[in-house]
Amino acid sequence: MLDGTTLEDEVWALLEDALAVYRDSPRAVAWLRGHQARFAEPVRVAVAGSRRSGKSTVVSALIGEEFAPTGATTWYQDGPQAKAHVGPYEVPVTRRDGKAFVDAPDAERVVVEWPSRSLRDLILIDTPAEAPVEQVYGEADAVLYLTRHMHTTDVRYLQTAHDHPVARAAPVNTVLVLARADEIGGGRIDALSSAKQIARRYRREATVTPLCQNVVAVAGLLAVAARTVRADEFTALSRLAALARTDLDKHLLSADRFVADDFPVRLDPAARRGLVDRFGVFGVRLTTTLIRQGFDTQVKLTGQLVQRSGLGELRDSVGIYFTERRDALKARSALLGLDVVLRAEPRPGSIGLATAVERILASTHDFRELRLLAALQGGRTRLPGDLDAEASRLVGGLGTNPVVRLGMDYEPTEGELRHAVLDTLGRWRDHAVDPALDHAQRRAASVVVRSCEGMLAPLS
Amino acid sequence: MLSTGRHRPSSVPGTFTRTGFTGTLCRVMSAPWLDVLDDTIRACAAHNRPDLAERLREKRARQLDPKLRVLVIGEPGQGKSQLVNAMVNAPVCPVGDDATTTVPTFVQHAETPSAALVRGASIANTPTERIPVPIDQLASRVSADQGGGDLVRAEIGIPRALLDSGLVLIDTPGVGDLRPAHTASTFAALLQADAVLMVSDATAELTGSELELLKRVMTSCPNVTVVLTKIDIAVQWRRVVERNRAHLARAGVAAKLIPVSAALRLRAAKTGDKALNAESGFPELLACVRQDIVAAADVLARRTVAVTAASAIKQLVTPVREELTARGSRAAGGKGAEDTIATLNEAQRRIDELRRRSARWQTVLADEMADLVSDIEYDLRDRTRKIMREVDKTFETADPALGWDKFESWLEDSLTEAATTNFAWLLDRSEWVAEKVAKSFPVVRDDLLPGSIFPDDVLDRVSPMEKPVIEKFSVVQKAFTGLKGSYGGVLMFGLATSLAGMPLINAISLGAGALFGGKSIIDESDQRLRRRQAAAKSAAARHVDDFFIKFSKDCRDAARHIQRSLRNHFSTLAEELQETLLESARSARRAVQDDNSERERRSLEAKRELDHLVALYQRVQALAGGQAPPLGISA
């Protein structure tokens, strides 16, 4: 939280109270203890979406290691060495076709420990397409929802996820991902910029905006390839790039042609098939073009691919909306979990607890910020002119770091920062009592004021 | 004879153009499917289903139209427009990365390339306006026209051998797009379709929603071919084809599946590369369109008519059969009469029950309200006594001369609180009483409880000074907030009068400040302090007593008032219920006396109707070559 009082402490105390009330119910106790344990964990981010929407690919891209899909709910968390568990039993992690493969055919849930820096403040959950929305949103603190095109079934899925009193009061935990962005426009070379435009349109779409915090376009296949490109692959791609453009284009018309027999470069058909499997036709088209444009070392190429595939933007979104909001998301999950117990086993003491849940939801500033953000993005609250954008920035719409909140494009000294906060605070205090604004707008302004005060607290 | 129907060999282009329309009509008159369709339309009219008749008439008109409409349908971004472009080898439909097609676009034959926008109330109706536009400006004109809203379709004419035979390709907006209007216009276009190309791209298998869509399409147009697009960029397209075949088989959809690549086809057209064209899969698709759609137009017509007619007849049969079953069971051995008599008895039993219970609810109401009044009075007495005790205790030690004003406001607060709690309790209890009374009614109805248990003027009896307004069905909370203000007023007035002229408050001591701190700043004898304390006690006691008498009377009045309004409400309710029950008893009696012969006549009629429908359905089945499922009844 911004100031000294911690939401975490408050929720923790509430869970303790609940444990006291339910101490005679083993089921409730186990459930609540589970939620207490969740508090200490990194943020759990589920990757959900319909069949073949690219879930495993996005998970692999985020971790930086290609995993073969297991077909089960798979948890990826940081660990000292690579290993996997199904329940209490350890299962082997092997390599198959160059992919990390967990051999657990009938398991319902697999836990994979993998040493990766990306997993340090994040647990990724790869969910099967048929996993019910309640389960996905119940287990995870936040969700990356993948889709190829936003379809009415996707909208319905997300609406179900938000149809819960606690979820409504603290609405923020979903980022929509247009995965497989490389397939847009038939794999044309500019497919990605076009995908980014579509993402931008969805961000403004009235049906989509209230259901997610951001929309990001990602070319999953390319993103994985970017993080795992091997030296032999790079060599092969460089040799392809050395061909005359028209010559190569003929063979890149289709995947079939690329692996066909008459090929101008001496490259094993199996190697070519490997390339097109890993990169896709679009990926091969793009990488060869990039190499020709001068990104001719593996490092340069990787940097370009991470940026172009949308992986960078996806990681930023995960950072801004999930890992930086860890406290709020964790508290939100705990309150949701507590709410389940209170509904399932009502008893005399639970009324007091329910009131406390409601009080925290209503009064905690983090949630107020998130609600205001949702209202601003959903157009339910509008502020005149530039104030709209400034308000959503100040309440953490672009990130919760004070420098980002204040929209400063340089690293300020403490004095400068303090000055900027005071200036902003003063202006928003005026907005909060501005008679020209209506009630909802003044209330929004007072939330912003509170955010500014929060930034000031650690400075003075 | 069958071949005279819709068969238009593509080798004789232009035989059935618009001018030759009448000729076509005469020739198809004798087609068997047309007879069946006309009979079905008549049956629909006879069974009072003008909606079905209208739908069939539309279908009939379309079947007689020499145009053959092939609808290209699918979810957004699957490559529908590009497919149409590749089929005619020209970029006629705008193609984009986001949802591009916003209105159904009809691509048909014309001697010279042309385009037009068509406005109208809906796609099915006759268009009201047709505006020719330059073909290269069509896309921008369509997107500029989105605001108007009555644009129903775009038309494009190009000279192509494929379209020569009257074939019309209809490109549609994606189904399941976030804008429901797009989906709606596609389904409107579907009603006009003779055949459907369902488009899904090869980068993924058919999804659940696509299979749903496919089934929905099959119900209105059974002639579907699934086209798998973008096989150029899908590495695994052969596996997707296999899986999709399995999906189709599992869903029970008998549709051909053709993998194609529009990108390869368009490129082949540009470079004249025959091998590439073959690779694109389009030759196969076009052959399929020629054979299965254009050449088999008559079979198609029969199949389409059969499906539509079958679904209409099924809808007609259901009510007739139900009626027959109902009558049949009644007619069987006079059992029907027994049923009716049982209904009659039941109705009479319920009237008796209501009478019995109505005596009961009146007692319940009277008893409960009497209890309530006495409980409320006891509660109030208890509360005021507690306050008095507190007053006595205070003035054992404290000096009323110091801080009397604070005491005054404390007493006022305590009494107001007692009054509000007590009154809130009264309201709560009355609500509970109303529910209890409602429970003694033998029926469940939403309006069993009165809209508001408390008459609007219930507070009139409480406060003579101010009339707080309570809204209908007020929450108790609101009622006593209003009360608080007004009663406080009464109280202040009362206390001020009761203390008027009392000698014990002297001007010097008033400014002393602290409330009964026990410290006296003026040197006084114990005697005078005692006297002052006694006077204060008796003043307070008198005031509390006044309050008690006045307020308990108010409460009793309010309770009586509530009782009266509840009684009125429930008696009206009881009367209504009785009337309803009497009516159903009367109708049951009428049914018993109903003429037996009349019933029989109607039964026979229904049976005849059913026979007729079944015969018609058999003809439909014959038409479809056994494709329509059995009706599931025996006549």
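In the hairpin formed by β3(A) and β4(A), Gly87(A) adopts a positive phi near 60°. Two residues lie between the strands of this hairpin. The model is a predicted one, and the hairpin offers a convenient point of entry into chain A. Strand β4 of chain A covers residues 89-91 and pairs with β3(A) in the antiparallel sense, over three bridges. Within this pairing, Ala84(A) has Val91(A) as its bridge partner in β4(A).

Strand β3 of chain A, residues 83-86, also pairs with strand β7 of chain A, residues 109-114. This pairing is again antiparallel and comprises three bridges. Here His85(A) is matched with Val111(A), its bridge partner in β7(A). Strand β3(A) thus takes part in a pairing with β4(A) and in another with β7(A).

Chain A as a whole contains 21 helices and 11 strands. Its length is 460 residues, of which 55% count as buried. Considering the contacts in chain A with a separation of 6 or more, 74% are accounted for by residues 24 or more positions apart.

One of the helices of chain A, α2, spans residues 26-40 and includes His35(A). Is His35(A) buried or exposed? The relative accessible area of His35(A) is 8%, and because buried means under 20%, this residue is classed as buried. Apart from neighbours within four places in sequence, His35(A) is in contact with Leu15(A), Ser333(A), Ala334(A) and Gly337(A).

Chain B has 18 helices and nine strands. Of its 635 residues, buried residues make up 47%. Among contacts in chain B with a separation of 6 or more, residues 24 or more positions apart account for 78%.

Strand β2 of chain B, residues 105-109, illustrates the strand pairing in this chain. Four of the five residues of β2(B) are buried, so the strand is mostly covered. Strand β5 of chain B, residues 151-158, pairs with β2(B) in the parallel sense over five bridges, and Thr105(B) stands opposite Ala154(B) in β5(B). Strand β6 of chain B, residues 167-171, pairs with β2(B) in the antiparallel sense over three bridges. In that arrangement, Phe106(B) stands opposite Ile170(B) in β6(B).

The remaining topic is the interface between the chains. How many residues of chain A are in contact with chain B? The contact involves 32 residues of chain A and 29 residues of chain B. The area buried between the two chains is about 2,500 Å², and carbon and sulfur atoms give 49% of that area.

Polar interactions across this interface include three salt bridges. In a salt bridge between the chains, the side chain of Arg148(A) meets that of Asp201(B), with an N to O distance of 3.2 Å. Across the interface there are also 10 residue pairs in polar contact, with both residues at pLDDT 80 or more.

On the side of chain A that touches chain B, the elements giving two or more residues are α5 (152-162), α7 (191-204), α11 (255-258) and α12 (269-292) of chain A. Helix α12(A) supplies the largest share of this side, five residues. By residue class, the side of chain A that touches chain B divides into 10 nonpolar, 10 polar and 12 charged residues.

Notes:
Residues are numbered from 1 along each chain as its sequence is written. Chains are lettered from A and ligands numbered from 1 in the order in which they are written. This is a predicted model: local features need pLDDT of at least 70, side-chain atom pairs count only at pLDDT 80 or more; totals for chains, interfaces and linings use all residues. Side-chain values use heavy atoms; hydrogens and water are left out. Contact means heavy atoms within 4.5 Å. Buried area is the accessible area (1.4 Å probe) that two parts lose on being put together, summed over both. A salt bridge is a side-chain nitrogen of Lys or Arg within 4 Å of a carboxyl oxygen of Asp or Glu. A polar contact is a pair of N or O atoms within 3.5 Å; within protein, one must be able to donate a hydrogen and the other to accept it, and residues adjacent in sequence count only if both atoms are side-chain atoms. Ala, Val, Leu, Ile, Met, Phe, Trp, Tyr, Cys and Pro count as nonpolar, Asp, Glu, Lys and Arg as charged, and the others, Gly among them, as polar. Two strands pair if DSSP finds at least two bridges between them. Buried means under 20% relative accessible area, exposed over 50%, partly exposed in between (1.4 Å probe, protein chains only).
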